Amino acid sequence: MKKLLLTIFLLLPVLSFAQDNPHDFVRTGQVDLNYYLPDNVTYDPNIPTPDEVLGFQVGEWHLRHDLLIRYMQAIADASDRVTLHQYGFSHEMRSLLLLTITHPNNQADIENIRQRHVSLTDPSVSGEQNIDDMPVVVWLGYSVHGNEHSGANAALLSAYYYAAAQGPEIDNLLSETVILLDPSFNPDGQDRFATWVNANRNLVRHNTDPRDREFNELWPRSRTNHYWFDLNRDWMPLQHPESRGRLEMFHHWKPNVLTDHHEMGTNSTYFFQPGIPSRNNPLTKERNFELTAKLAEYHADFLNEVNQLYYTKESFDDFYVGKGSTYPDLNGTIGILFEQGSSRGHVQESVHGLLTFPKTIKNQFLTSLSTVYGSYQLRNEFLTFQRDHFTTALEEARQDNVKAWVFGAEYDPARIYHLIDILNRHQIKVYELDRDVSVDGQNFAAGRNYIVPSEQPQYRLVRSLFETRTEFTDSLFYDVSTWSLPHSFNLNHAELGSRAFSNNLLGAQVEEPEFPVGQVFGTQGAYAWVFEWDGYYAPRALYRLQDAGIRAKVSTRPFTANTTQGEKEFREGTILIAAGIQDGMSDAELFRRIQEIAVLDAIDVYGLNTGLSTRGIDLGSPSFSNLRKPEVLLLVGSGVNVSEAGETWHQLDQRYHMPVTKVETDRFAGVDLSRYNVIILPTGNYNSFGERGINNLRSWVNSGGVLIAYKTAASWLTNNNIGSVSFVRQESDDDGTPKPYIDAGAIRGAQVIGGSIFEGKMDLTHPLSYGFRNEQISLFRNNTLFFDSPGNVFAAPIRYTESPLISGYISPQNLEIIGGTSSIVVSGSGSGRVIFMAENPNFRAFWFGTNKLFANSVFFGHTISAATLER
């Protein structure tokens with residue numbers, strides 16, 4: 001690899017860039033376009049430069065998303081190399097765009113080029129394709145984190161350069177390359193950050209002091225999307241429109257390379273992959289890492305030209321499949337993570353001197369160039385790798401002892417719908433189970449369960465999403481160490497080996513799952529209506545009724561009643577809507593509401609014509625608890641975990657269609673709490689409450705409120721005498737033996753639980769367990785705060801089993817501690833309830849299996865018997 005790689009690229013005798021002078025930028029506040037672009041390149045004057053469209057130079061201001069879109073549209077209008085496609089909208093209805101940039105001759109035949117390219121991922125036809133005349137496809141993706149702005153601003157330069165640069169060399173490159181340019185993965189976060197930084201900058205002379213407000217956003221900051229989710233963890237869960245739209249385009253094109261441009265701390269330099277070798281996903285092929293290393297040489301050569309410090313093989317891993325640089329690896333694509341030290345504003349002091357926003361943009365632009373040029377040079381290797389990835393996947397699947405995974409949730413079709421929807425979006429083939437099968441004592445009935453065979457082109461991704469893993473080459477993880485979907489959905493499931501599996505088990509392929517529709521069994525004028533709590537959207541149905549003014553009760557004991565379908569047993573947690581207590585609501589209106597929830601919320605509702613049950617409690621029994629409509633307050637703001645607050649907000653708003661009042665911690669002391677009956681404290685430090693806020697909260701709980709607290713919030717409440725839970729203290733693992741200084745981080749880090757799955761055992765009669773039929777539950781945990789067994793044996797409805805590890809990493813010391821500890825403890829304070837949760841039940845919006853624990857706390861927390869509370 002020659003030093004002046006760009007010189008070869010452009011066939012120029014000398015390559016040079018304008019030199020950095022950060023002090024000039026402090027004074028003038030701008031650099032012109034020549035600062036960024038390589039010298040001795042001519043540009044088409046018919047292609048508008050960024051400043052001609054925006055009215056300012058790149059890097060002079062932090063770019064708003066609408067201006068970014070305006071420029072991309074201008075480029076597409078002006079250039080026959082560029083087409084623009086809107087593939088979706090963000091939560092806040094900002095456009096998500098993808099530019100296709102290639103030679104005009106390719107543009108004229110672009111659909112044929114795309115179809116030929118995608119055929120490389122189909123082993124049944126990929127061998128027929130001649131890759132010698134096939135362009136390489138490169139996806140340039142920017143700024144999935146909203147406050148990492150250098151990427152989205154570099155997208156301006158990439159679009160301009162590839163649209164405007166002239167000469168036979170750029171023509172040759174574009175003839176053999178299709179560039180897919182995604183200028184902003186996270187437009188909502190991008191605009192939040194641009195608004196903050198631009199509003200707080202000096203207008204005459206920049207302030208470089210890191211303490212200045214410009215560099216220090218207020219909570220929740222701008223890294224995340226509308227609901228405060230990190231979109232760089234959503235490539236696999238696909239719970240947000242930004243991710244779903246992007247992934248649809250990813251599979252539409254199947255790029256050979258995908259870049260993911262990020263920022264890191266201001267005092268950092270520049271990182272590009274390969275990452276830490278011992279933390280690569282074990283299902284990623286070694287050839288992927290070899291090609292990543294080859295491409296890295298191009299990045300190094302380009303950054304060498306501007307004397308930029310950089311590093312590889314440290315800090316970042318390629319393990320969790322939900323990240324933007326890892327997901328591609330399991331899909332035959334080379335995913336590349338870039339991390340630029342961040343100016344977090346326009347120019348800031350760092351240990352390396354003044355770091356300007358233009359400098360960060362320039363580096364991201366250079367590695368965009370290096371990625372495209374390196375891919376062009378390695379075109380045949382990348383195309384061959386992609387074809388081989390899917391061909392060898394089938395070969396590996398045939399060697400795998402696991403031939404298929406079978407799963408189901410007979411009483412909750414909506415949960416199954418969501419899982420199959422995720423799998424289909426990943427182009428994983430799912431089939432209806434065509435014959436009954438029994439595995440390890442579990443019975444799976446045909447027509448009610450589903451099966452995913454191993455032998456399919458997406459085998460590696462299938463295994464990643466379904467497997468459990470407890471052995472690792474490294475004990476440190478940048479993110480979670482496991483994400484098994486059958487466990488995250490808490491499904492009945494099993495692996496099928498060669499003895500149990502045959503193709504005869506495969507029924508019809510489920511290509512487009514349809515949201516299930518419930519049924520109403522009964523007619524207008526029924527004495528009462530009942531529905532069970534198993535359905536995922538039963539909480540939404542209940543709230544829908546309560547919001548319409550309908551009174552509801554919940555059964556605390558099972559009963560059997562006659563229905564139009566015959567005699568049926570109803571479990572604890574069954575919701576009762578008695579016609580006679582609805583304040584004059586007509587039978588017709590009540591029936592319309594019942595029909596509505598069946599259709600919209602995927603639940604079956606049964607009409608009963610008498611208050612007498614054939615067995616168990618009657619409908620007028622005191623064993624039916626009256627339910628109150630939840631009025632929810634969520635604590636947010638300084639000290640609160642942003643992700644957990646956002647996940648709670650998302651669950652209530654998106655899933656249950658419930659309003660939630662979000663109150664900042666520093667305002668809480670003065671809030672009148674009388675209108676709320678549920679308050680939620682995500683993980684965090686609430687010292688900003690002050691004594692007045694603590695007393696306000698304690699008085700509210702004592703008056704009958706339900707307080708739900710996650711993880712460290714439980715510790716804070718206990719320290720302030722609001723509820724009672726005790727903790728198992730971790731003993732130091734330090735045996736006093738001298739250890740090398742350099743190993744300190746690894747030794748301490750090995751005690752972290754980054755994200756693992758554990759088995760819990762439920763008391764199915766407890767209100768917090770309503771809607772569950774199996775006493776075993778899969779719990780996701782990413783902390784080392786362990787709840788001890790309470791003194792009141794009824795106060796812990798879920799406890800970890802003695803050997804609870806299902807999947808993921810945990811140190812031997814912590815594994816010894818966690819067995820038998822409590823997952824949930826319910827305490828009393830006055831006439832109120834304090835529900836302590838050792839885990840976050842709404843993790844990343846894809847842990848569907850524990851969402852109902854949260855819903856039960858919200859809807860049924862006040863019904864928990866006082867005699868069962870920890871005091």
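Phe319, Tyr320, Phe472, Phe477, Trp483 and Tyr809 come together in one aromatic cluster. The model in which this cluster appears is a predicted one, and it holds 52 aromatic pairs in total. One of these is formed by Trp219 and Trp228, whose rings meet edge-to-face at 4.9 Å centre to centre, with 75° between the planes. Both partners are hidden from the surroundings: Trp219 is buried, and Trp228 is buried too. Another edge-to-face pair, Tyr320 with Trp483, has its ring centres 5.3 Å apart and its planes at 65°. This pair links distant parts of the chain, as its members are 163 residues apart. Tyr320 belongs to the loop between α11 (286-304) and β7 (334-341), while Trp483 belongs to the loop between α15 and α16 (485-488). Are these two rings buried or exposed? Buried means under 20% relative accessible area. Tyr320 has a relative accessibility of 1%, so it counts as buried, and Trp483, at 5%, is therefore buried as well.

Aromatic rings also meet charged side chains in this model. The charged end of Arg246 is placed over the ring of Phe185, at 4.5 Å from the ring's centre. In a second example, Lys662 lies over the face of Trp649, and here the distance to the ring centre is 4.3 Å.

The strands offer a good place to look next. An open sheet is built from five strands in the order β15-β10-β14-β11-β16, with antiparallel pairing. The edges are taken by β15 (492-496) and β16 (506-509); each has a single partner strand, so one side of each has no neighbour in the sheet. On average, neighbouring strands of this sheet are turned by 30° against each other, ignoring direction. Within the sheet, β10 (residues 404-408) and β14 (residues 450-453) are joined in the antiparallel sense by four bridges, and Ala404 has Pro453 of β14 as its bridge partner. Which helices lie across these two strands? One is α14 (residues 413-425), which lies across β10 and β14 and runs at about 150° to β10. Another is α15 (residues 459-466), which also lies across β10 and β14, but at about 50° to β10.

A further set of strands is centred on β20 (residues 559-563). Four of its five residues are buried, so β20 is largely enclosed by the rest of the structure. Strand β20 pairs with β21 (residues 566-570) in the antiparallel sense over five bridges, and a hairpin through two residues joins them. Strand β20 also runs antiparallel to β24 (residues 615-616), to which two bridges join it. Phe559 takes part in both pairings: Phe559 stands opposite Phe570 in β21, and in β24 the bridge partner of Phe559 is Gly616.

Single residues can show how the chain folds back on itself. Pro255 sits in the loop between α10 (241-253) and β5 (257-264). With a relative accessible area of 0%, Pro255 is buried. Although 118 residues separate Pro255 from Val137 in sequence, their C-alpha atoms are 4.8 Å apart in space. Apart from neighbours within four places in sequence, Pro255 is in contact with His117, Val137, Trp139, Phe250, Thr333 and Gln386. Thr100, a residue of strand β2 (residues 95-101), can be viewed in a similar way. Its relative accessibility is 10%, so Thr100 counts as buried. Beyond neighbours within four places in sequence, the contacts of Thr100 include Arg81, Val82, Thr83, Gln107, Ile110 and Trp253. Val178, Ile179 and Leu180 are also among the contacts of Thr100.

Finally, helix α21 (residues 712-719) shows how a helix can be packed into its surroundings. What are its buried residues? They are Ala713, Ala714, Trp716, Leu717 and Thr718. An α-helix has 3.6 residues a turn, so residues three or four places apart point the same way. The buried residues of α21 pack against α20 (690-702) and several strands, namely β28 (678-681), β29 (706-710), β30 (727-728), β33 (786-787) and β36 (832-837). Just after α21, Asn721 has a positive phi of about 60°.

Note on methods:
Residues numbered from 1 in each chain as written. Predicted model: local features only at pLDDT ≥ 70, side-chain atom pairs only at ≥ 80, totals over all residues. Heavy atoms only, no water. Buried < 20%, exposed > 50% of the residue type's maximum accessible area, 1.4 Å probe, protein only. Pairing = 2+ DSSP bridges. Contact = heavy atoms within 4.5 Å. Axes fitted to C-alpha atoms, helices over the stretch in contact; angles between N-to-C directions. Phe/Tyr/Trp six-rings, centres within 6.5 Å; stacked < 30°, edge-to-face > 60°. Lys NZ or Arg CZ within 6 Å of the ring centre and 35° of its normal.
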